[in-house]
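Here are my notes for you to read with the model open beside them. Take the points one at a time and find each residue as you go.

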Amino acid sequence: MSEYALEINGLKKVYDNNVEALKGIDLKITKGDFFALLGPNGAGKSSTIGIISSITNKTDGNIKIFDVDIDQNFPKAKSFLGVVAQEINFSQFEKVEDIVITQAGFYGIPKNVAKERCKNLLEKLSLWNKRGDQARNLSGGQKRRLMIAKALVHEPKLLLLDEPTAGVDIELRREMWDFLSDINNKGTTIILTTHYLEEAEQHCNNIAIIDEGTIVENTSMKELLSRLSIQSFVLDLEDELKEIPDLSIFDLKLQDSKTLIATLTKDEDLNTLFNKLSECGIRVKSMRNEQNRLEELFIRLVKEKDGN
Amino acid sequence: METKELIWSIITLSEKELRRFMRIWVQTLVPPAVTTSLYFVIFGSLIGPRIGAMDGFDYIQFMIPGLIMLAVITAAYSNVVSSFYGVKFQRAIEELLISPMPTWAILFGYVVGGVARGVIIGVIVFFVSLIFYPNFEIANYGLTILVLFLTSVMFSLMGFINAIYADSFDDIAVIPTFVLTPLIYLGGVFYSINILPEIWRNISLANPLLYVVNTFREGMLGASDVSIPLALAMMIGFIILFTAICLYLLNKGIGIRK
């Protein structure tokens with residue numbers, strides 16, 4: 001019995017227009033992982049997800065889902081999978097409840113069991129009061145949550161999330177992540193693609209970065225973030241500041257009269273910075289990271305690959 | 001999938017297909033009743049008496065099997081072509097592709113939808129015809145039901161093939177409008193080919209729809225212009241051929257997978 005939920009070897013995809021979307025990627029994802037698959041637009045993320053979920057035909061390579069080779073027994077492999085696609089993929093004229101129950105039926109789940117699971121999921125995803133509405137009347141965020149309910153109704157062991165929070169407002173996004181983290185804690189392996197890199201940083205244990213059809217990085221989130229050589233912090237000041245104090249060892253910028261940006265290298269520590277600021281009579285009220293750390297790494301990795 | 005799961009999945013898809021056309025019954029079930037009533041009023045009651053007998057039957061009586069077939073063929077074909085193209089267009093096809101349902105079960109579910117609509121429409125049009133010709137008696141119930149069923153299956157499969165290749169809503173209208181309708185109208189719905197000059201009679205014999213319409217007329221009236229065993233064999237042959245084509249296309253992912 002393999003320790004992997006998903007094993008991809010030499011996966012290639014060439015589309016009819018001769019675009020080579022995947023150039024032989026290898027990827028192994030451990031059971032129970034919360035895994036981020038990131039990359040710029042057109043990098044090959046959706047092609048990978050599409051092939052795993054059988055929406056796209058592969059050109060070459062092989063895929064095993066929980067040890068089941070998709071070329072040997074695709075129906076069995078597919079029974080382990082739940083997929084939240086990037087674009088809405090349900091009939092807009094069906095009722096919310098019918099969409100979820102029908103999806104369960106496609107997996108051979110009897111109606112009475114499906115109804116119970118549907119109620120449970122719609123309640124957790126704050127859609128229960130919309131169960132009788134036609135899907136076309138839902139908001140963008142509600143539609144995305146319906147996609148999640150649909151993907152989970154057959155209780156998959158591996159959940160593929162292709163941009164699950166696109167168009168979802170901040171509060172609901174947080175609720176969705178709590179819900180997904182809970183599912184992951186209960187043992188479901190999750191693979192995520194997203195453009196919100198801070199979400200990947202916050203929730204995922206491991207990460208692969210794909211660009212132009214090849215994997216340019218595949219490591220743990222912790223290891224990747226430790227490679228950061230500099231970090232920027234936003235300091236909200238107690239009093240107004242007219243000019244930047246001369247603290248030659250630190251790189252400081254004044255964003256406005258009460259906000260200072262401090263950029264620290266790996267060797268510099270925050271205690272020294274605070275001491276120096278105190279010596280100058282500057283009191284810091286609060287502090288936060290200036291920008292998403294993963295974003296910075298992501299851009300760097302993709303640029304390195306492009307040779308820029 | 002285990003057998004029990006497979007059966008549930010087929011029931012689910014079939015139920016979904018039935019729900020789809022029942023939900024929009026004003027668009028799917030009412031129009032054939034209205035159109036057929038107009039045919040009966042104009043060609044049956046107003047013009048029919050002037051035409052006189054056709055193959056020994058009142059003209060309105062002669063028209064009934066043809067008009068039922070016209071409605072059944074159109075309903076079965078358009079149900080599957082619009083439903084399957086609709087799920088492609090809305091990307092809801094992904095729900096099926098992602099699931100472990102085998103391709104034959106997907107095809108079966110859509111054909112169930114097409115057959116159900118075809119048969120329901122056939123029954124509706126028959127009851128409408130009884131308003132205009134109350135003394136109508138079916139000559140051979142077994143053959144009538146068999147042809148109704150085979151026709152619905154055959155045209156559901158044709159609709160499925162059309163939907164697989166369709167890339168736009170225009171593509172699902174081209175075949176019914178420019179191929180199917182002319183072949184049905186020239187397939188003996190309104191006349192017996194015995195009234196045609198020999199050359200047109202021979203050309204008409206190359207029209208497959210003539211065999212469908214006439215076999216059904218044999219079932220309902222006991223009169224036909226073609227050989228019934230040959231016609232039934234043709235229909236079964238076409239069903240086998242279309243099923244094989246559908247399964248080949250589905251398994252290859254043509255028109256549905258990237």
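1. Let's start with a bit of arithmetic: what should the 25 residues of helix α11 of chain B span at 1.5 Å a residue, and how far apart are its end C-alpha atoms? Keep in mind that this is a predicted model. The expected span of a helix is 1.5 Å times one less than its number of residues. For α11(B), residues 228-252, that gives 36 Å, and the end C-alpha atoms are 36 Å apart, so the two values agree.

2. Stay with α11(B) and look at what is tucked away. Its buried residues are B:Ala231, B:Met235, B:Phe242, B:Cys246 and B:Leu250. What covers them? The cover includes three other helices of chain B: α6 (103-132), α7 (141-165) and α10 (208-221). Just after α11(B) comes B:Gly253, which has a positive phi, near 80°.

3. Now pick out one residue of α7 in chain B, B:Ala163. Is B:Ala163 buried or exposed? The cut-off for buried is 20 or more other C-beta atoms within 10 Å. B:Ala163 has 26 of them within 10 Å, so B:Ala163 counts as buried. Leaving out residues up to four places away in sequence, B:Ala163 touches B:Val80, B:Val81, B:Phe84, B:Tyr85, B:Lys88 and B:Ile172. Have a look at B:Phe84 in particular: B:Phe84 and B:Ala163 are 79 residues apart along the chain, yet their C-alpha atoms are separated by 5.9 Å.

4. Over to chain A for the overall picture. Chain A has 308 residues, and 40% of them count as buried. You should be able to find ten helices and 14 strands in chain A. The C-alpha trace of chain A spans about 70 × 45 × 40 Å along its principal axes. Take the contacts in chain A between residues at least 6 apart in sequence: 68% of these join residues at least 24 apart.

5. Next, a pair of helices in chain A. The axes of α3(A) and α4(A), the latter being residues 111-124, come within 9 Å and cross at roughly 130°. How do you class that angle? Angles over 145 degrees count as roughly antiparallel and 65 to 115 as roughly perpendicular, and with neither label fitting, α3(A) and α4(A) are therefore oblique to each other. Their crossing is right-handed. On the α3(A) side the contact is made by A:Glu97, A:Val100, A:Ile101, A:Ala104 and A:Gly105, while α4(A) brings residues including A:Lys111, A:Ala114 and A:Leu121. The residues of this contact divide into seven nonpolar, one polar and four charged.

6. Finally, where do the two chains meet? In all, 26 residues of chain A are in contact with 24 residues of chain B. On chain A, α2 (74-79), β6 (81-84) and α3 (96-106) each supply at least two residues of the side that touches chain B. Of these, α3(A) gives the most, with four residues. By class, that side of chain A has eleven nonpolar, 13 polar and two charged residues.

7. One helix pair sits across the two chains. The axes of α3(A) and α1(B), residues 3-23, come within 7 Å and cross at roughly 145°. A:Thr102, A:Gly105 and A:Phe106 of α3(A) make the contact with B:Trp8, B:Ser9, B:Thr12 and B:Lys16 of α1(B). By class, this contact has two nonpolar, four polar and one charged residues.

Key. Residues are numbered from 1 along each chain as its sequence is written. Chains are lettered from A and ligands numbered from 1 in the order in which they are written. This is a predicted model: local features need pLDDT of at least 70, side-chain atom pairs count only at pLDDT 80 or more; totals for chains, interfaces and linings use all residues. Two residues are in contact if their C-beta atoms, placed from the backbone, lie within 7 Å. Ala, Val, Leu, Ile, Met, Phe, Trp, Tyr, Cys and Pro count as nonpolar, Asp, Glu, Lys and Arg as charged, and the others, Gly among them, as polar. A residue is buried if 20 or more other C-beta atoms lie within 10 Å of its own, exposed if 12 or fewer, and partly exposed in between; C-beta atoms are placed from the backbone. Axes are lines fitted to C-alpha atoms, for helices over the stretch in contact, and angles run from 0 to 180 degrees between N-to-C directions. Angles under 35 degrees count as roughly parallel, over 145 as roughly antiparallel, 65 to 115 as roughly perpendicular and the rest as oblique. A crossing is left-handed if the near helix is turned anticlockwise from the far one by less than a right angle, and right-handed if clockwise.
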